[in-house]
Amino acid sequence: KVLLEFLKYAQFTPSKVVFLDDRMDYIESMELELGKQGIPLISFHYLAISSLFDELDEEIAAYQLSHLLQHGEWLSDEEV
């Protein structure tokens, strides 16, 4: 729905949309909403992301964000 609102605002109707996401519910939503407008969709369900990262360590992430805001530099997990 957000994409359609943006396209409406931009006064642009694409001939086709290519969409990649790791969440099938988002892909299905795009298919539904674009289908209502007659806009063809090519979608890809990206599954590799789940094997690229371990669980998020919230303590490390909080420190990274704090450091970024204070120093303008992102630290890797290893640096933290």
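## A tour of the predicted model

In the protein chain of this predicted model, 38% of the contacts between residues at least 6 apart in sequence join residues at least 24 apart. Keep the whole chain on screen for a moment before selecting anything.

**Whole chain.** Colour by secondary structure and you should find four helices and two strands. Following the sequence, they come in the order α-β-α-β-α-α. The radius of gyration is 18 Å, well over the 12 Å that the globule rule gives for 80 residues, so the chain is more spread out than a compact globule. Turn the model along its principal axes, and the C-alpha atoms fill a box of roughly 50 × 30 × 15 Å. Switch on the surface next: the accessible area is about 6,800 Å², with 56% of that belonging to carbon and sulfur atoms. Of the 80 residues, 18% count as buried.

**The core.** Now go inside. Select Leu4, Leu7, Val17, Phe19, Ile27, Met30, Leu34 and Ile39, and show their side chains; these eight residues make up the largest nonpolar core. Helix α1 (2-10), strand β1 and helix α2 each supply at least two of its residues, and α2 gives the most, with three. In soluble globular proteins, nonpolar side chains tend to be buried together.

While you are here, centre on Leu7. Setting aside neighbours within four places in sequence, Leu7 is in contact with Phe12 and Pro14.

**Two salt bridges.** The structure holds two salt bridges, and both deserve a stop. Side chains of opposite charge can pair when their charged atoms come close.

Select Arg23 and Asp25 for one of them: their side chains meet with 2.7 Å from N to O. Are these two residues buried, partly exposed or exposed? Arg23 counts as partly exposed because its relative accessibility is 37%, and Asp25 is also partly exposed, at 38%.

For the other, move to helix α2 (residues 24-36) and pick Glu33 and Lys36, which lie three residues apart, about one turn of the helix. The closest N and O atoms of this pair are 3.5 Å apart. Colour the two by accessibility and a contrast appears: Lys36 is exposed, with a relative accessible area of 55%, whereas Glu33 counts as buried at 11%.

**A nonpolar patch outside.** Go back to the surface and select Val18, Leu20, Ile42, Phe44, Tyr46 and Ile49. Together they form a nonpolar patch with about 530 Å² of accessible area. Which strands contribute at least two residues each to the patch? Both β1 (17-21) and β2 (41-45) do. Strand β1 is worth a second look, as it also supplies at least two residues of the core you visited earlier.

Zoom in on Tyr46, which sits in the loop between β2 and α3 (49-52). At 33% relative accessibility, Tyr46 counts as partly exposed.

**Last stop: His67.** Select helix α4 (residues 58-71) and find His67 within it. Why does His67 count as buried? Its relative accessible area is 13%, and the cut-off for buried is under 20%. To see what surrounds His67, show Gly72, Glu73 and Leu75: these are its contacts once neighbours within four places in sequence are left aside.

Definitions and conventions
Residues are numbered from 1 along each chain as its sequence is written. This is a predicted model: local features need pLDDT of at least 70, side-chain atom pairs count only at pLDDT 80 or more; totals for chains, interfaces and linings use all residues. Side-chain values use heavy atoms; hydrogens and water are left out. Patches are made of residues with over 30% relative accessible area and no salt bridge: like charges are joined within 9 Å, nonpolar side chains (Val, Leu, Ile, Met, Phe, Trp, Tyr) within 5 Å. Accessible areas come from the Shrake-Rupley method with a 1.4 Å probe; for residues, only the protein chains shown count as cover. A salt bridge is a side-chain nitrogen of Lys or Arg within 4 Å of a carboxyl oxygen of Asp or Glu. Buried means under 20% relative accessible area, exposed over 50%, partly exposed in between (1.4 Å probe, protein chains only). Contact means heavy atoms within 4.5 Å. The radius of gyration is taken over C-alpha atoms; the globule rule is 2.2 Å times the number of residues to the power 0.38. A nonpolar core is a set of buried Ala, Val, Leu, Ile, Met, Phe, Trp, Tyr and Cys residues joined through side-chain atoms within 4.5 Å.
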